[in-house]
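Reader: I would like to go through this structure with you and ask, for each term you use, what justifies it. Could we look at it together?

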Amino acid sequence: MGQSIPFGQHIARPPISARVVAGARVESVPWPIWCMVAGIVSGMIGGPWDISWHMSIGRDTFWTPAHILIQLTGVLVGIACAYMILTATFGHDAATQDASVKIWGFRGPLGAFIAVWGCIAMLTSAPFDNWWHNAYGLDVKILSPPHTLLSLGSLAIKIGLMALLAALMSRATESVRRTLGFLLLYIGASCVAQMGTILTSSTWPTEMHQAACYLAVAIAIPAVLIAPAWGSQWKWGCTGVAGIYTIILLTFEWVLPLFPAEPKLGPVYQHITHLVPLHFPLLIIVPAIVLDLLWRKTSEWGRWKLAAVTGPVFVLSFWAAQWPFADFLMTPAARNRVFGMGYFAYFDPATILYDPYQLNASEPRAVFARLMAMALVFSVITARLGFAWGDWMRRMKR
Amino acid sequence: MTIGLGRYMRRRTFGSIAIALLAAVSVGAHVGSPDVFFEGDAGPYHLFVTVRVPQVIPGIAEIEVRSASNDVDKIEIVPMRLSGAGSNFPPTPDVAERSKQDAQFFTGSLWLMESGALKVRVSAEGTKGKGELAVPVPAFAQRTLPMERSLSGLLGFLMVFLAVGLVFIAGAAAREGNLEPGETPPYARKRRARIVMALTAVIVVGILYLGKAWWGEEASNYKRGVSFFKPPEAETKLANGNRLVIQAQGQDPEWSKRVNMEDVIPDHNHLMHLFLISAPGMERMWHLHPEREDSKFVDDLPDMPAGHYEIFADVVDKAGFPWTLVGQVDLPQIHGNPMVGDDSSWTGTALTAQSGDVSVAQLADGGRIVWEKGSGPLVANTAMVFKFRVEDKDGNPAKDMQQYMGMAGHAEFVSSDMSVFAHIHPAGSASMAALELANGAPKGTCGITEQCVMPAGMTMPMPAPVSAEVSFPYGFPKVGEYRIFVQVKRAGQVETGVFDARVQ
């Protein structure tokens, strides 16, 4: 393809079947994919680091290391997607153009368009968040409208990359397919970690005997757990996603406290000498293993029937594991570096310390039953969404 | 109040951490005058401190420190709670930057993360060693910020772009996403894509609607926080001809649940300092001290002519947060009791636009109070020290000055439209009760929580002689006409000198 072709000139194309075989076959992982993965790894490190920064030091600027890592996500993903879209739109590689979709005159892989949408959403959130701080004060909480837009953008980047990986897997050689499959599970795990972070308030250890905790998990987790697992078509897909999620969170919980830190904002309620991490990861690994085992005999079922079983099995197995684990987290045995129950943010008021290890059990029994029933219903819907998303990725070609 | 408030305003985040139009600016400490001005000693160094309180919380406070001497090398500043939990662990202090033009002037910025009664601890270091003082700071959100048209336009465009983009991405996914490379989408797929786009558009609109509702809810919560700290209303009732009953009514329903008038603490000897100022001309002023009866305050008024009066009533809650109750009352001719104790009054000419600056106030015994104003104009938002000299009838410095409620004098700065009211002391704009919580009770006085009972065998210390010069650190918050009431005590009599000022 070295010759120069004027822009807009008609290119005589060979028959479709020949082009698919010759041009679209994927024999190595393209560099834009690695670039996007690097961006997501960067954000994955920057996110928990930033939260820990806010819990330990407080004061930040646009240029803290954690913020730079988060911003690098947009930069790296933007470069990769711009390359893919511009080469498909203005380049002369017929195979690249054939494996693309068309939006507003531009051509490119569908996943690249989704990821670009995510980048623009993240960019949009910046001036929105800045105004929000000026209007309502610095929001020291995870869920605010601008933060949600940022999170949506970040999630769209991951969804886009998973779509790209799935499309490449459909025409990849076996060895490349394995690499792409692993990357799919890793990106899925980063989605689970992101949703888990959003749920932090509802899934705080003291809230784990509340049905609201299980309702929140049933709404947010099944789709992002099931979709990459189902899309990867690996028999331990769910376990892989949940395992990677667990390893990532444990790494942060164990590594962050190794770095010294002290509060630079007041009032200070807790004496801080090092970075404070978030808590021990949710035991999503348990329902993940159960689902992988379940699907060995049920994967051929109709999707609604499969979702009707998968959702409740997810919720109930998670409940069976997390509920007693919450009891353990309240004991002195969990107040160590492994389980991390001895950490407090500098702004945790002293009132929390009067009894920070008391499980909240304020839901009346009827409310508890109603919320758990809602969790089961939602789990069916979100599991069905996960299967639909996974099937979509299985069919993805472009 | 403040711990609860902090949670009300901030809410917990991250689990255990997890907290339109330019709203009328009103404040708890005073009225319309949110910044804090303070003059005091940090060990061997005499400092003037100004805290420019942020308009949103959490937000950045600007701190200005001026040293009276040139022997201060370093100033450190740090925010803390005024009392209780959080008042013992300071974060890493910030070093204030020394001005290149003025070596005795230091500036810095501090994040105030919570609403309520806070303090800024100032540490000075220099050739005489180290010293420290704490300035009480009532921190609260004062306003909401409108979105500029340019930003509104940009965000609106991006919102539409993202919404439409999502619809088209969904369409492309349905039309071509799972087609073999190179294959042209058949009509059925194109039709399906249009249906998917329509459904996506509905979903996107739904998401935008929910987002708007959420934003509205957040803005509403914030506005409630702003309302919470607006000056409570002083609801008044006149009983038995001259008994004024005052009840505080917050501007937010939560206020009465969180601020208990039965828990207010004494501020220089009194639970409430009530100012009745005739409106609109301020030609009469009463400074009275009602007593508390349950959650109400009552005062048996002295003789007063019928008229319309503005009410400003200062109280300090148990956490050290100062509140000024505001209201208006139309009083009939009052035939009351003679004034006793620390109560005082003044009658004179009205403040008008033609009044001009008045810097000498004549006193009844032929003496006078002179405002050492200087020749420069008075400029809004500039910290100043207002110095007044009390002279006897012969023009000599008054030798019969006494402490008036524990200090050399009191001053009330009131704007002609009554939108600014500030009750200032020689130590500044902070209430004395809050100062005591921040720094401990000064030697030889009774603390808030202490009983004023001397141990057996000891006698009350003699009060220090009071200088004929009294000064007040303060800064006018806005341009306009102001009346300044300066009150001192001489030979057992409270004297009030009144000055008018035009602020540019």
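Author: Let us start with strand pairing, for which the rule is that two strands pair if DSSP finds at least two bridges between them. Please keep in mind that this is a predicted model.

Reader: What makes β11(B) and strand β15 (residues 296-300) of chain B a pair?

Author: DSSP needs at least two bridges between two strands, and β11(B) and β15(B) have five, in the antiparallel sense, so they count as paired. One of the partnerships joins B:Val245 to B:Val298 in β15(B).

Reader: How many bridges join strand β10 (residues 233-239) of chain B to β11(B), and in which sense do the strands run?

Author: Seven bridges join β10(B) to β11(B), and these strands run antiparallel; set against the cut-off of at least two, they therefore pair as well. Here B:Glu235 has B:Gln247 of β11(B) as its bridge partner. The hairpin of β10(B) and β11(B) leaves three residues between the strands, and B:Asn240 takes a positive phi near 55 degrees.

Reader: Which residues of β11(B) lie on its covered face, and which on its uncovered one?

Author: In strand β11 (residues 243-249) of chain B, the covered face consists of B:Leu244, B:Ile246 and B:Ala248, while B:Arg243, B:Val245, B:Gln247 and B:Gln249 make up the uncovered face.

Reader: Turning to chain A, why is A:Ser362 called buried or exposed?

Author: A residue is exposed if 12 or fewer other C-beta atoms lie within 10 Å of its own, and A:Ser362 has 10 such neighbours, so A:Ser362 counts as exposed. A:Ser362 sits in the loop between α12 (350-354) and α13 of chain A. Its C-alpha is 9.6 Å from that of A:Glu207, although the two residues are 155 apart in sequence.

Reader: How do you know what span to expect for helix α13 of chain A?

Author: The expected span is 1.5 Å times one less than the number of residues, so the 31 residues of α13(A) (residues 365-395) should span 45 Å, and the end C-alpha atoms are indeed 45 Å apart, in agreement with the rule. Buried residues of α13(A) include A:Phe378, A:Ala383, A:Phe387 and A:Trp389, and what covers the buried residues of this helix includes α6 (145-169), α8 (211-232) and α11 (303-329) of chain A.

Reader: What makes the radius of gyration of chain A agree with that of a compact globule?

Author: For 398 residues, a compact globule would have a radius of gyration near 21 Å, and chain A has 23 Å, which agrees. Of those 398 residues, 52% count as buried, and the chain comprises 13 helices and two strands.

Reader: Which parts of chain B supply the side that touches chain A?

Author: The contact takes 56 residues from chain B and 55 residues from chain A. On the chain B side, α1, β4 (72-81), α2 and α3 (187-228) each supply at least two residues, with the largest share, 12 residues, coming from α2(B). That side divides into 36 nonpolar, 12 polar and eight charged residues.

Reader: Where in chain B is confidence lowest, and where is it highest?

Author: Helix α1 (residues 2-10) of chain B has the lowest confidence, at a mean of 32, whereas helix α2 (residues 149-176) of chain B has the highest, at 95. The pLDDT stays under 50 over residues 1-29 of chain B, and is also below 50 over residues 443-461. For the complex, the predictor gives an ipTM of 0.86 and a pTM of 0.79.

Technical notes. Residues are numbered from 1 along each chain as its sequence is written. Chains are lettered from A and ligands numbered from 1 in the order in which they are written. This is a predicted model: local features need pLDDT of at least 70, side-chain atom pairs count only at pLDDT 80 or more; totals for chains, interfaces and linings use all residues. Helices (H or I, at least four residues) and strands (E, at least two) are DSSP runs, numbered from the N terminus. The radius of gyration is taken over C-alpha atoms; the globule rule is 2.2 Å times the number of residues to the power 0.38. A residue is buried if 20 or more other C-beta atoms lie within 10 Å of its own, exposed if 12 or fewer, and partly exposed in between; C-beta atoms are placed from the backbone. pLDDT is the predictor's confidence in each residue, from 0 to 100. Two residues are in contact if their C-beta atoms, placed from the backbone, lie within 7 Å. Ala, Val, Leu, Ile, Met, Phe, Trp, Tyr, Cys and Pro count as nonpolar, Asp, Glu, Lys and Arg as charged, and the others, Gly among them, as polar.
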